[in-house]
Amino acid sequence: MKIPFNKIFFTGKEIIYISEAIKMTSVIGDGYFNNKVADFLENRLEVPKVLTTTSGTHSLELAMLLIDIKPGDEIILPSFTFTSTANAILLFKGRPIFVDINPATLSIESKEIEKKISEKTKAIMPVHYGGIGCEMDSIMELAHKHNLFVIEDAAQAVGAKYLDKPLGTWGHIGCYSFHGTKNFISGEGGAISINNNNPQLIERAEIIRQKGTNRNKFLKGEIDKYSWVDIGSSYVPSDILMAVLYAQLAAMDEIILKREIIVNHYIKRLQPLIGRGSLISMTNIPEGFKSNYHNFYIVLRDEQSRDNLINQLKIHGIQSYIHYLPLHSSPMGRILGYSPSDLPITEQIGATLLRLPLYTDMTIEECDFVIEKLYDILGG
Ligand SMILES: Cc1ncc(COP(=O)(O)O)c(C=O)c1O
């Protein structure tokens, strides 16, 4: 049996909606399916405004422009994240301040964040790792105490909740990704949510997304020509891609449930292996979290055990992947002045975490095949 790491799931509606988008030739840019996706997410997330974007990366950049990041502003984030979280800060000459993660959730928490707050801190950027995420109640409390913006990197957390509130909607702005590796995909794509009903902020987001113009007002018929009114960029996705995404989002509950069944199966069957051999821990969903089951990971005793396991699984036709190489100890992190020992938990997790195959249409038989090989290899 060959078990890929990921397999894209299509609902069957994508092709129908793509052809509808093409037939509506009047607006193939910010058109019908862009609005359908934005309306769906506004209802689902219960936020005043969602704007679709070209990627999770661009959502983060748009967020930085919205909070008016200035050179030298410090923004607190994990090092255990994708480069886009930190690049969004650096692109505008801000300073990424990395904090260590909680080993139970692999996300950052208020206790460590507070230690890094200075008079230059402008914002906190929590990243919701693997669709589980951060304890946002205490992070928001801290942010209010210090008058900081909170920009949630919820790239992996669409459909996930903490204390029954969607991740991405706790802070001022939420950033989401629909990249081909996510639960709900358009190949490339993203969204940003403005979580407070702040008309000026919403209008500015629309302007920045539309190349610094008030084209949105023009499209709504509020003005008869549009002009350049602010800085901006090109963050509007094609309606064809949003047609694909709308088909996916409409199946959100079904997709999450299918993934939940697989993750719960992994957890149940691998539990007896924990603490035996080199297996230390695995995905853990603490109380209060409703995961979207974006990934399933195990943590090995050391890097060598992890790398050996990757090779042995490969021999059996099973693809598995490491995850983030910590940003603080990357070549760029070192240029910024960090050294590996600054964040020991992140460093350890980066070297020992392994993601196992998980995709929406994975069968229990495929999952059992992976589990059996793990028992064979890890000696359970
Ligand atoms: C935590 C995190 N932030 C940001 C991104 C960037 O998203 P995108 O690939 O849509 O630009 C990713 C994704 O891949 C991610 O995992």
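Two strands count as paired here if DSSP finds at least two bridges between them. With that convention in place, I should like to present this structure, which is a predicted model.

I begin with the seven-stranded sheet. This sheet is open, its pairing is mixed, and its strands follow the order E1-E9-E8-E5-E4-E2-E3. Which strands stand at the edges? They are E1, residues 49-53, and E3, residues 95-99. Each has a single partner strand, so one side of each is left without a neighbour in the sheet. From one strand to the next, the twist averages 25 degrees.

At the E3 edge, the pairing can be described in detail. Strand E2, residues 74-78, runs parallel to E3, and five bridges join the two. Within this pairing, Glu-74 has Arg-95 of E3 as its bridge partner.

Let me turn to what lies across this sheet. Helix H3, residues 56-66, lies across four strands: E1, E5 (149-153), E8 (173-177) and E9 (190-194). Relative to E8, the helix runs at about 160 degrees.

H3 also packs against another helix, H4, which spans residues 83-90. The angle between H3 and H4 is about 30 degrees, and their axes are 9 Å apart. How are the two helices oriented to each other? Angles under 35 degrees count as roughly parallel, and H3 and H4 are therefore roughly parallel to each other. Their crossing is right-handed. On the H3 side, the contact is made by Gly-56, Thr-57, Leu-60, Glu-61 and Met-64; on the H4 side, by Ser-84, Thr-85, Ala-88 and Ile-89. By class, this contact comprises four nonpolar, four polar and one charged residues.

The same two helices bring us to the ligand. The ligand is surrounded by 14 residues, and the closest are Ser-55, Gly-56, Thr-57, Ala-155 and Ser-177. Which elements give two or more residues to this shell? They are H3 and H4. Gly-56 and Thr-57 thus appear twice in this account: among the residues closest to the ligand, and in the contact of H3 with H4. As for the character of the shell, ten of its residues are polar, three are nonpolar and one is charged.

I now move to two further helix pairs. Helix H2, residues 32-45, packs with helix H9, residues 239-249, at an angle of about 35 degrees, and the axes are 7 Å apart. This crossing is left-handed. From H2, the residues in contact are Tyr-32, Phe-33, Asn-34, Lys-36, Val-37 and Phe-40, and from H9 they are Asp-239, Met-242, Ala-243, Leu-245, Tyr-246 and Leu-249. Nine of these residues are nonpolar, one is polar and two are charged.

In the second pair, helix H10, residues 252-270, packs with helix H14, residues 364-378. The angle is about 30 degrees, and the axes are 10 Å apart. H10 and H14 are therefore roughly parallel to each other, and the crossing is right-handed. Ile-262, His-265, Tyr-266, Arg-269 and Leu-270 of H10 meet Ile-364, Cys-367, Ile-371 and Leu-374 of H14. Seven residues of this contact are nonpolar, one is polar and one is charged.

Finally, there is an open sheet of three strands, in the order E7-E6-E11, with antiparallel pairing. Its edge strands are E7, residues 165-166, and E11, residues 289-290, and each of them pairs on one side only. Strand E6, residues 161-162, pairs with E7 over two bridges in the antiparallel sense. There, Lys-161 stands opposite Pro-166 of E7.

Key. Residues are numbered from 1 along each chain as its sequence is written. This is a predicted model: local features need pLDDT of at least 70, side-chain atom pairs count only at pLDDT 80 or more; totals for chains, interfaces and linings use all residues. Axes are lines fitted to C-alpha atoms, for helices over the stretch in contact, and angles run from 0 to 180 degrees between N-to-C directions. Two residues are in contact if their C-beta atoms, placed from the backbone, lie within 7 Å. A residue is near a molecule or strand if its C-beta atom, placed from the backbone, lies within 6 Å of it. Ala, Val, Leu, Ile, Met, Phe, Trp, Tyr, Cys and Pro count as nonpolar, Asp, Glu, Lys and Arg as charged, and the others, Gly among them, as polar. A crossing is left-handed if the near helix is turned anticlockwise from the far one by less than a right angle, and right-handed if clockwise. Angles under 35 degrees count as roughly parallel, over 145 as roughly antiparallel, 65 to 115 as roughly perpendicular and the rest as oblique.
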